Amino acid sequence: MIVLEKRPQPSQTWSMATPVVAVLATMFFGGVLFAALGKNPVEAIMTIFWEPLFGEFSFYYRPQLLIKGAPLVLIAIGLSLGFRAGIWNIGAEGQYIMGAIVGAGVGLAFYPLEAWYIFPLMVIGGAFGGWIWAMIPAILKVRFGTNEILVSLMLVYVAEQMLASVSLGLLKNPEGYGFPGSRNLQSWDSAHNAELFAGSGMHWGVVTALIAVIFAYVLLNRHMLGFHIRLTGEAPRAAKFAGVNPARLILFCLGASGVLAGLAGMFEVAGPAGQITIDFNVGYGFTAIIVAFLGRLHPVGIVLAGGVMALTYIGGDIAQSNLGLPSAAIQVFQGMLLFFLLALDLLTNYRIRLASKEVA
Amino acid sequence: MKLTSLLATAALGLGLATAAVAADKTKVGFVYVGPVGDGGWTYEHDQGRKAVVAEFGDKVETVYVENVAEGPDSERVMTQMALDGADLIFTTSFGYMDPTINVAKKFPNVKFEHATGYKRADNVSTYSARFYEGRAVQGTIAGHMTKSNVVGYIGSFPIPEVIRGINSAFVHARKVNPDVQFKIVWAFTWFDPAKEADAAKVLIEQGADVILQHTDSTAPQAAAQAAGNVITFGQASDMSEYAPHPRVSSIIDDWAPYYIARTKAVMDGTWESKDTWDGIGAGMVGIGEISDAVPAEVKAEALAIKDALADGSYHAFTGPIKKQDGSDWLGEGETADDGTLAGMNFYVEGIEGDIPQ
């Protein structure tokens, strides 16, 4: 008989091991799924995890990993601060959209001027757009005690409506024959978040993501504020006695995640995406929640998790094209990853014991 | 260690195998914005792909990726297809326009076909269908069939293609029924069964007994069926599973002849960049069978308009037509030019409400 026994302390080993085990379990059961669909499971798993990194065209896919992974990491780093303190910002997608709108809007206000200061102003605009959108749930929570999960999530849908509105009106390309969508920033040097080295995938968003990782690491390990964040999450009562100001913490955590999500949106719209369109957002803000947890809310873990998530997206599309796998199968595959992670988390807090049957 | 080298060998083997097969075949890629099972837009493009396979058999290899988000993801998928040796790539959504142009620049020897856009290059063609011709047929039926004189219209996005369809349907509904009113709901999606069902229910509650949709799922059909006394039209595909009632007819996108012709052109080396905008006459827009729920004389009138549109003796936008603000657009007997239609951003006179800005 199998018995679960609560551990006195959460297991450090399992906390580190579960993401890896979850990825392996996903590979295995994903393979079973692909086999059930009549595909060669080894070939399918290889295509998803091997092709983008070491396959024939890896020279193209490796930079794409940076492009796909950078917004995920940038947003997830911000979310992880709040998640550690038990402050749940679920609306990063909305902050991402607002960052893109304000960032692109600030830039387009100068069109067609070429000047060095346009891009920095767009960066500030992007950060501000994300921050102000995150401040709404933050201030409502501090002032009226509203639930930040609900407010931030609902604001995603408001942001989507704003996105549709500006695509059709305020930011619509006047030379676009009446079609929705802004001018393409890629063809305007002063606003283009171009690759720093051609073909490297390295744009300012990637650089910012790496800086954010380092900052988060230092903050959490070397700074009083980081200690307060961790303390509030792990021992709320102790935090109270230690004099942590919960209102300040809420404002900081939501604000920081808003800024980073807004920056991610701004770098995306000025770089890889190029323009504000009705369908600009593709779910980075939600996927980043998975990345944050897959990375154990740890800055370095988040980088690895962002890489794995980006890999499944890029490899998944290759598998669709080369092997004819349906996209739904790829989505199930990605869903499995979170499922196994959450399921295996049990082992962090519990020990499995094989107890011999006892006669009562 | 062993596993890694094993995997590497396997990958190499696979790579060689694909390359060898691809050499003497024409490879055609398709990028889809929705799932192939959407029963509408993407479904019909995939039917076109299957027709290419059926036509050329072993001489062609097709690949597709579905649910590809517009923007950088689509650019990556197109690049991947080009790298994997595609000779011709169909990108089947408006939002793929700039990505298609970007990728086409990098692969001058690969031909690209972008649906519903307006940017072309030496190796990028554009193609679209004159769906508004089908809307003229629908409008005629709708005008006759409505008893409440309220026709509901589910718009996707307020872009010229959708506005053209609303105007065409309205002009022809008014022609046979001067009291008819249009109620328009914008769903801001091409495919979202839940939102589409909500939109249909709202319109039915507001008295609409005819629902026209410019979204791709069958959810509005199901909502109309539940309501009982409401009729609908299939969109993009026939949606015949809802015939004879509520679905009384449909607009069918038939991409197969175009896809076959363009694939043939690549095989023969005669492919050239061009802009194609075909309607009922060329077979790109099909009118699904008009069911028995429609009286015989209405059906005959609708078919007469269809035939006149097909042989070119009638244009769906023939004057006199005024704009919504009362200003003149087309004089007596004048027909709309393609330039105005391509960028249409105004309602015709009689439609209430504003185009969302």
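Student: What makes A:Arg351, which lies in strand 2 (residues 350–354) of chain A, count as partly exposed?

Tutor: In this predicted model, A:Arg351 has 14 C-beta neighbours inside 10 Å. A residue is buried at 20 or more such neighbours and exposed at 12 or fewer, so a count of 14 places A:Arg351 in between, as partly exposed.

Student: Which residues is A:Arg351 in contact with, leaving aside its neighbours within four places in sequence?

Tutor: They are A:Glu5 and A:Arg7; contact here requires C-beta atoms within 7 Å. A:Ser11 is 340 residues away from A:Arg351 in sequence, and the two C-alpha atoms are 9.1 Å apart in space.

Student: Why is A:Asn245 called exposed?

Tutor: A:Asn245 has 12 other C-beta atoms within 10 Å, and because the class of exposed residues takes counts of 12 or fewer, A:Asn245 belongs to it. This residue sits in the loop between helix 10 and helix 11 of chain A, and its C-alpha atom is 34 Å from that of A:Ala343, which is 98 residues away in sequence.

Student: Which residues of helix 9 (residues 224–234) of chain A are buried, and what covers them?

Tutor: The buried residues of this helix are A:His228, A:Ile229, A:Leu231 and A:Thr232, and the cover includes helix 4 (58–84), helix 8 (204–222), helix 10 (236–241) and helix 11 (246–270) of chain A. In chain B, helix 4 (residues 97–106) has B:Met97, B:Asp98, B:Pro99, B:Thr100, B:Val103 and B:Ala104 as its buried residues, with helix 3, strand 3 (88–91), strand 4 (111–115) and strand 5 (124–129) of chain B among the elements that cover them.

Student: How do you know that the largest nonpolar core lies between the two domains of chain B?

Tutor: The core holds 203 residues, and those touching the most other members are A:Leu74, A:Ile75, A:Ala76, A:Leu260, A:Ala288, A:Ala292 and B:Ile89. Domain 1 (22–129) and domain 2 (131–252 + 285–342) of chain B both contribute residues to this core, and therefore it lies between them. As for A:Ala292, beyond four places in sequence it touches A:Ala76, A:Leu79, A:Ser80, A:Phe83, A:Leu297 and A:Ile302.

Student: Where do the C-alpha centres of those two domains lie, and how many residues make the contact?

Tutor: The C-alpha centres of domain 1 and domain 2 of chain B are 29 Å apart, while the contact takes 10 residues from domain 1 and 12 residues from domain 2. On the domain 1 side, the largest share, 3 residues, comes from helix 2 (residues 41–56) of chain B.

Student: What makes strand 6 (residues 150–155) and strand 7 (residues 181–186) of chain B a pair?

Tutor: Pairing needs at least two bridges, and these two strands share 6 bridges in the parallel sense, so they qualify as a pair. B:Ile154, for example, has B:Val185 in strand 7 of chain B as its bridge partner. The chain passes from strand 6 through helix 6 (residues 160–176) to strand 7 of chain B in a right-handed β-α-β crossover.

Student: Which elements of chain B touch chain A?

Tutor: In this interface, 36 residues of chain B are in contact with 35 residues of chain A. The elements giving two or more residues to the chain B side are helix 1 (2–22), strand 2 (60–65) and helix 3 (72–83) of chain B, and helix 3 supplies the largest share, 8 residues.

Key: Residues numbered from 1 in each chain as written. Chains lettered and ligands numbered in written order. Predicted model: local features only at pLDDT ≥ 70, side-chain atom pairs only at ≥ 80, totals over all residues. Core = buried A, V, L, I, M, F, W, Y, C linked by C-beta atoms within 7 Å. Domains from an automatic or database assignment. Helix = DSSP H or I, 4+ residues; strand = E, 2+ residues; numbered from the N terminus. Right-handed = clockwise from strand over helix to strand, strands pointing away.
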